[in-house]
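Work through these exercises with the model open beside you. Try each task before reading its solution.

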Amino acid sequence: MLYIYTKTKNALVQRMEFKLDNKILPENILWIDLLYPSVDEIAYISSQFKLKFPTKEEREEIELSSKYWEDNTTITINAYFLIREIGAGNDRKNIKLRNEIITFETTKKILFTIRYSEFSTFEEIQARILASPKNFEDGYDIIDKIFEVRVEKDADLLEWIDKDARLLRTSVLEKKGEYGYDEMLKDISSLQEFNMRVRDSLFDKRRAMTSLLKSDKIDKDIKQNLTIVLKDLNSLVEFSISQLSILDNIQTILASQVNIEQNKVIKLFTVATVAMMPPTLIGTIYGMNFKFMPELELHYAYPIVLGIMVISTILPVIFFKKKGWL
């Protein structure tokens, strides 16, 4: 699908869905958004504006030269944008984050975007353009605002992760009986994965924005705004790194608690083993088949030996309690 945004004579912006059957493109184009584009649509736009859009393989390469390149007439950016997929309910287990590559290309101050997913960022930008067309003079203004809005949404994601991490830390410390260790570990791993995906997305946008700031095609106002957004982005990267440290700390606390619980169990078995050793010894002695054992002739030998075995079991337990080992 091709969505074209054009500037009208009275400085308003119109949005239209363009069909290849129309053949003639409108004038005063501001932005062409290629959403789930077909091969024919990409070929048509490429021929009309003499552009060469990156292939799927080029879009997914991680080298800096594949993420951003610029020539005399065009700027091309391949950037990661996060998508949050929510299943049934709003539980963390039903939420998935994935990075989707979006291609931005500019020529003659027109912005072209190629994307294969829906993004709330684009919906918000589209609403802003139609509501405040004076703030968008060319495609560079649009790409500037797209990055600004996306960084704000990444900040919201980090706040969500931070909130869940705090709740998880409380659960690890206070709700051990209600919350299984396996479940805690899965939640920690899930939050770590979310955090790393946000961080990767931030790193990717930082590279693109840093390169944009060096371009002579961008005017001073846009560069000034990008500089502010870049500062916010850098603070988010630092926050993301500190958040990973916090999650590592929670994992360490959890591992310590597991070790404590294991030590308690081992201590219990150790005490039980030591307490049973004296009666075992007594039983072993009187289980020997010697002919001359004086105690065998006593009438009350059996209850006496049983009593000694009980007392020999109780005495070590009392001793351990006095020492504070139980």
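The exercises below cover helix packing, the nonpolar cores and a few single residues of this predicted model.

**Exercise 1. Classify the packing of α6 and α7 by direction and handedness.**

Step 1. Locate the helices: α6 spans residues 181-213 and α7 spans residues 220-285.
Step 2. Take the geometry. Their axes come within 9 Å and cross at roughly 160°.
Step 3. Apply the cut-off: angles over 145 degrees count as roughly antiparallel. Therefore α6 is roughly antiparallel to α7.
Step 4. Add the hand: the crossing of α6 and α7 is left-handed.
Step 5. Sort the contact residues of α6 with α7. They divide into 23 nonpolar, nine polar and six charged.

**Exercise 2. Do the same for α5 and α6.**

Step 1. The axes of α5 and α6 lie 10 Å apart, and the packing angle is about 160°.
Step 2. So α5 is roughly antiparallel to α6.
Step 3. The crossing of α5 and α6 is left-handed.
Step 4. The contact of α5 with α6 holds 17 nonpolar, three polar and five charged residues.

**Exercise 3. Describe how α4 packs on α5, and name the residues that make the contact.**

Step 1. The axes of α4 and α5 are 10 Å apart, at an angle of about 130°.
Step 2. That angle makes α4 oblique to α5.
Step 3. The crossing of α4 and α5 is right-handed.
Step 4. From α4, the contact uses Ser120, Thr121, Phe122, Glu124, Ile125, Arg128 and Ile129. From α5, it uses Ile142, Lys145, Ile146, Val149, Arg150, Glu152 and Lys153.
Step 5. By class, the contact of α4 with α5 has six nonpolar, two polar and six charged residues.

**Exercise 4. Which elements supply the largest nonpolar core, and which residues have the most contacts inside it?**

Step 1. Start with the general rule: in soluble globular proteins, nonpolar side chains tend to be buried together.
Step 2. Size the core. The largest one has 59 residues.
Step 3. Pick out the residues with the most contacts inside this core: Trp31, Ile77, Phe104, Ile142, Ile146 and Phe147.
Step 4. Trace the elements. At least two core residues each come from β1 (2-7), β3 (29-35), β5 (74-86), β6 (95-107), α4 (120-131), α5 (139-174), α6 and α7.
Step 5. Find the main supplier: α5 gives the largest share, 15 residues.
Step 6. Check Phe104. Leaving out residues up to four places away in sequence, its contacts include Ile77, Phe81, Phe122, Ile146 and Phe147.
Step 7. Look for another core. A second, separate one has 15 residues, among them Leu2, Phe49, Phe112 and Ile114.

**Exercise 5. Is Gln126 buried or exposed, and what does Gln126 touch?**

Step 1. Place Gln126 in helix α4.
Step 2. The relative accessible area of Gln126 is 11%, so Gln126 is buried.
Step 3. Skip residues up to four places away in sequence. Gln126 then touches Tyr5, Arg15, Trp31, Asp33 and Arg115.

**Exercise 6. Compare the backbone and exposure of Asn28 and Tyr36.**

Step 1. Asn28 has a phi near 55°, a positive value in a residue other than glycine.
Step 2. Tyr36, also not a glycine, has a positive phi near 50°.
Step 3. Asn28 sits in the loop between β2 (13-18) and β3. Tyr36 sits in the loop between β3 and α1 (39-49).
Step 4. Asn28 counts as exposed because its relative accessibility is 52%. Tyr36, at 40%, is partly exposed.

Note on methods:
Residues numbered from 1 in each chain as written. Predicted model: local features only at pLDDT ≥ 70, side-chain atom pairs only at ≥ 80, totals over all residues. Heavy atoms only, no water. Axes fitted to C-alpha atoms, helices over the stretch in contact; angles between N-to-C directions. Helix = DSSP H or I, 4+ residues; strand = E, 2+ residues; numbered from the N terminus. Parallel < 35°, antiparallel > 145°, perpendicular 65-115°, else oblique. Left-handed = near helix turned anticlockwise from the far one by under 90°. Nonpolar A, V, L, I, M, F, W, Y, C, P; charged D, E, K, R; others polar. Core = buried A, V, L, I, M, F, W, Y, C linked by side-chain atoms within 4.5 Å. Buried < 20%, exposed > 50% of the residue type's maximum accessible area, 1.4 Å probe, protein only. Contact = heavy atoms within 4.5 Å.
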